[in-house]
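Dear colleague,

Here is the structure I promised to pass on. My notes on what turned up in it follow below.

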Protein chains: 2
Amino acid sequence: MVKSKTWILIKHFDGLPKDSDFKLKVEELPEPKDGEVLLEAAFLSVDPYMRPFSRVRMNEGDVMIGTQVAKVIQSKNPAFPVGSHVVARCGWRTHSVSDGTDLTLVMSDWPQDVSLSLALGAVGMPGMTALYGIEEVLGLQKGETLLVNAAAGAVGSVVGQIAKIKGCKVVGSAGSDAKVAFLKELGFDETFNYKTIGSLDEALKQASPDGYDCFFDNVGGHFSATALQHMKTFGRIAICGGISLYNDTTPQMGPYPQIPMIFKQLKMEGFIQSRWEHKHPESSKRLMGWLKEGKLMSREHLTKGFENMPAAFIGILQGENIGKAIVMV
Amino acid sequence: MVKSKTWILIKHFDGLPKDSDFKLKVEELPEPKDGEVLLEAAFLSVDPYMRPFSRVRMNEGDVMIGTQVAKVIQSKNPAFPVGSHVVARCGWRTHSVSDGTDLTLVMSDWPQDVSLSLALGAVGMPGMTALYGIEEVLGLQKGETLLVNAAAGAVGSVVGQIAKIKGCKVVGSAGSDAKVAFLKELGFDETFNYKTIGSLDEALKQASPDGYDCFFDNVGGHFSATALQHMKTFGRIAICGGISLYNDTTPQMGPYPQIPMIFKQLKMEGFIQSRWEHKHPESSKRLMGWLKEGKLMSREHLTKGFENMPAAFIGILQGENIGKAIVMV
């Protein structure tokens with residue numbers, strides 16, 4: 001009998017999540033039946049989306065939603081042999097029994113010298129989010145200027161690098177000088193620390209006096225309303241996240257967007273990467289290709305210990321991470 | 001020597017335009033030179049767009065921007081013979097001299113029984129705005145549900161009728177019981193007076209409990225923020241106007257749109273009809289075709305007398321018109 005540690009949401013978040021909203025629980029797992037496998041988590045992902053999705057996808061008492069890289073340690077399913085690694089959408093658990101429907105095998109030719117944790121980062125969901133936002137939503141073209149905020153995060157850091165691969169000018173905003181230094185390492189053309197600049201308006205103007213063709217928005221709220229004023233005619237905005245809004249207890253207010261959207265004929269679209277799930281296998285190969293060629297760098301913000309999952313999660317909502325936040329069991 | 005009356009913007013609007021912002025001026029026009037024509041206005045258009053565009057396209061002292069149907073009364077340009085009618089983008093003037101670059105001939109087979117003023121309405125700019133918003137921006141499909149506000153206006157009334165032609169369910173909002181009665185005449189499926197309903201949220205829910213595939217937005221602000229919550233997944237929003245915002249002296253504030261846009265993967269696009277200018281000839285033919293078949297009804301809100309142009313313009317910004325507001329010289 002295998003015991004699994006799990007993190008339970010015992011109270012819906014109100015504002016910034018607190019330690020007391022979570023409870024560690026030990027469950028005894030049944031033996032896998034025919035068609036099932038037993039998994040042991042190696043790396044777990046904490047992502048900003050968990051904050052808003054907790055409201056719509058979870059009830060109090062549920063195991064926290066989330067994705068992990070796990071090793072198959074028992075198998076009664078020939079598709080997932082013992083020793084293979086999978087990306088499992090099974091929540092915050094050290095062990096789980098799965099019938100395979102929520103599993104994706106890590107690509108068979110995963111290079112030895114690349115950490116499997118990247119299947120949760122630059123070669124996984126955040127990498128594909130960046131790719132689909134750029135290609136499917138923005139239709140970013142060579143020579144255009146792209147703005148990305150939360151640019152040192154798991155998604156933003158990949159966005160900027162893909163835009164560079166595509167021959168664009170990239171302007172990135174982040175919330176600390178260390179993050180801005182990281183963006184420079186990644187090859188961003190213009191960068192600023194939005195917390196220390198005097199005026200966001202001035203910083204956006206200075207970074208691209210002609211304005212922006214595309215804006216990959218991870219932040220929402222005040223930043224987005226300001227950036228809207230700096231878009232070029234026919235500018236496109238991909239709304240990927242709204243981390244400045246997730247912990248609101250009452251909605252933040254800002255100027256309505258209609259007038260600048262009409263005058264500049266702007267397009268704005270919210271998206272979730274699962275819309276292009278059919279492209280995931282080909283997309284992860286492309287991302288891995290760029291990684292191996294040295295065109296895509298990945299940085300991780302590692303937290304050790306399953307018991308630290310809530311702290312790691314609360315940390316990303318406060319901007320503590322540079323790159324992808326990962327918990328190593 | 002011909003004298004032209006013109007309306008001058010003497011002071012940029014601050015809030016709702018006032019009579020004292022305008023001044024009537026009489027100009028002496030030169031004789032038309034080779035390639036030029038002399039025009040006499042028959043019908044002039046007043047449109048909401050003039051309010052926001054006055055800020056970006058005009059200086060104090062300029063003639064008010066606008067379009068008219070005019071008759072050619074002298075011609076030294078064979079493309080525009082004496083007696084022909086043109087749509088002229090020459091502003092608020094009774095007479096003008098033009099080199100033809102700002103003129104479009106009224107279609108040669110314009111039916112005798114259709115007022116030429118419709119070249120400023122259902123078969124003109126507002127009609128084409130409705131058509132492009134539906135076809136180019138929303139991509140409205142048969143069987144979908146469309147929401148339109150300011151639905152009894154020049155654009156909104158055509159939007160609803162085209163959506164009916166396309167086999168859609170149409171929900172329309174307007175600001176008086178007489179306007180709502182007009183929408184029912186036009187065949188709208190669900191209608192309400194937004195000024196007298198208790199809750200916009202409830203009215204939108206009741207009119208389409210499953211939500212909306214498409215939203216043609218002429219109003220902006222609070223209405224739009226509320227409607228956003230009622231869009232279906234992958235809903236599309238065409239931002240055509242923001243009449244609730246045009247007279248703001250300080251920008252109105254509302255909840256930021258990012259979170260609903262992400263969760264429902266919504267698309268929102270601002271547009272101006274001139275983007276599809278190359279389609280205007282074919283589009284006006286289609287609109288005229290629907291009109292002749294009785295599928296498209298047109299109603300006009302007529303004001304007599306060039307001297308009443310400011311009053312007619314202020315009137316539309318206050319919602320006085322049902323259908324297209326036209327000033328007859």
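The model is predicted. I begin where the chains meet: β14(A) and β14(B) are joined by three bridges and run antiparallel. In this pairing M268(A) stands opposite M268(B).

That pair sits within an open sheet of twelve strands with mixed pairing. The order is β10(A)-β9(A)-β8(A)-β11(A)-β12(A)-β14(A)-β14(B)-β12(B)-β11(B)-β8(B)-β9(B)-β10(B). The edges are β10 (190-193) of chain A and β10 (190-193) of chain B, each of which pairs on one side only. From one strand to the next the twist averages 15°.

Within chain A, strand β8 (residues 145-148) and strand β11 (residues 212-217) run parallel and are joined by three bridges. There L146(A) is opposite C214(A) of β11(A).

Two helices of chain B are worth listing against the sheet:
- Helix α2 (residues 125-138) of chain B lies across β11 (212-217), β12 (231-239) and β14 (267-270) of that chain, at about 130° to β12(B).
- Helix α4 (residues 177-185) of chain B packs on the sheet and touches β9 (169-174) and β10 of chain B, its direction making about 170° with that of β10(B).

As for the contact between the chains, 30 residues come from chain A and 30 residues from chain B. On the chain A side, the elements giving two or more residues are α6 (221-228), β13 (253-255), α7 (258-263) and β14 (267-270). By class, that side of chain A has 15 nonpolar, ten polar and five charged residues.

Regards

Notes
Residues numbered from 1 in each chain as written. Chains lettered and ligands numbered in written order. Predicted model: local features only at pLDDT ≥ 70, side-chain atom pairs only at ≥ 80, totals over all residues. Pairing = 2+ DSSP bridges. Helix = DSSP H or I, 4+ residues; strand = E, 2+ residues; numbered from the N terminus. Axes fitted to C-alpha atoms, helices over the stretch in contact; angles between N-to-C directions. Contact = placed C-beta atoms within 7 Å. Nonpolar A, V, L, I, M, F, W, Y, C, P; charged D, E, K, R; others polar.
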